[in-house]
Amino acid sequence: LVDSGIAVMGHVGLTPQSISVLGGFRPQGRSFETAAQVVERAMELERAGCFAIVIECVPRTVAAAVTAATSVPTIGIGAGDATSGQVLVYHDLLGMMQHPHHAKVTPKFCKQYANVGEVITGALERFKDEVSTGEFPGMSYSPYRVSDEDSNRLVRLLEQKGLDAAAEAVLDCPYREDGGK
């Protein structure tokens with residue numbers, strides 16, 4: 001990819017494709033052997049031409065070693081503060097996911113800065129309720145009109161085509177051009 005001119009960011013430690021194999025978010029590099037592997041993999045990625053390396057779910061000391069052993073920027077996610085920068089998944093950071101399953105897989109290293117998931121859930125429930133009761137969309141959110149003359153022409157055309165139910169629907173529609181019912 002790099003030889004083809006495509007910018008590549010490497011990724012060491014916990015990689016997304018390994019989560020299901022590992023049975024969830026499992027920290028990497030917690031023993032001498034695995035810590036050394038994380039550092040070596042990062043160096044290999046740099047040699048392969050990666051412009052930066054994400055270091056995920058490793059002890060701070062391992063992230064510090066990777067950052068010092070490589071000359072490219074390192075971006076930590078659950079790797080402590082010894083990296084060039086930080087990233088979090090915004091769904092986790094904003095508390096957007098309210099499903100109990102998501103709570104089980106939200107990483108321990110993720111600090112939640114808000115709980116917008118509750119706001120989103122509440123908004124979706126209100127939307128469902130208003131649609132069910134007919135309150136939404138209502139006149140305020142149905143702004144597009146057809147003139148009475150054009151509505152009548154449409155009714156005649158539909159009747160000519162044998163679409164009586166469609167013609168009746170136009171006639172039964174409570175919204176008139178003037179915005180009244």
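Student: Why is Asp81 called exposed?

Tutor: In this predicted model, Asp81 has a relative accessible area of 57%. Exposed means over 50%, so Asp81 earns the word.

Student: And what makes Arg60 partly exposed?

Tutor: Arg60 comes in at 46%. Buried is under 20% and exposed is over 50%, with partly exposed in between, so Arg60 gets the middle label.

Student: How do you know that Arg60 and Asp81 form a salt bridge?

Tutor: Their side chains meet at 2.4 Å, N to O. The cut-off is within 4 Å, so the pair counts. The bridge links distant parts of the chain: Arg60 sits in helix 3 (residues 60-69), while Asp81 is in the loop between strand 3 (74-77) and strand 4 (85-86), 21 residues apart.

Student: What makes Glu40 and Arg47 a salt bridge?

Tutor: Same style of check: N to O is 2.9 Å, and the limit is within 4 Å, so they qualify. Arg47 is exposed at 56%, and Glu40 is partly exposed at 33%.

Student: How many salt bridges does the structure hold?

Tutor: Four. Among them is Lys128 with Asp129, at 4.0 Å. Lys128 is exposed at 53%, and Asp129 is partly exposed at 43%.

Student: Which residues make up the negative surface patch?

Tutor: Glu159, Asp164, Glu168 and Asp172. Asp and Glu count as negative, so that explains the sign of the patch. Helix 8 (residues 164-172) gives the most, with three residues, and Asp164 is found in helix 8.

Note on methods: Residues numbered from 1 in each chain as written. Predicted model: local features only at pLDDT ≥ 70, side-chain atom pairs only at ≥ 80, totals over all residues. Heavy atoms only, no water. Patch = residues over 30% accessible without salt bridge, like charges linked within 9 Å, V, L, I, M, F, W, Y side chains within 5 Å. Areas by Shrake-Rupley, 256 points an atom, 1.4 Å probe, with all protein chains shown as cover. Charge placed at Lys NZ, Arg CZ, Asp CG, Glu CD. Helix = DSSP H or I, 4+ residues; strand = E, 2+ residues; numbered from the N terminus. Buried < 20%, exposed > 50% of the residue type's maximum accessible area, 1.4 Å probe, protein only.
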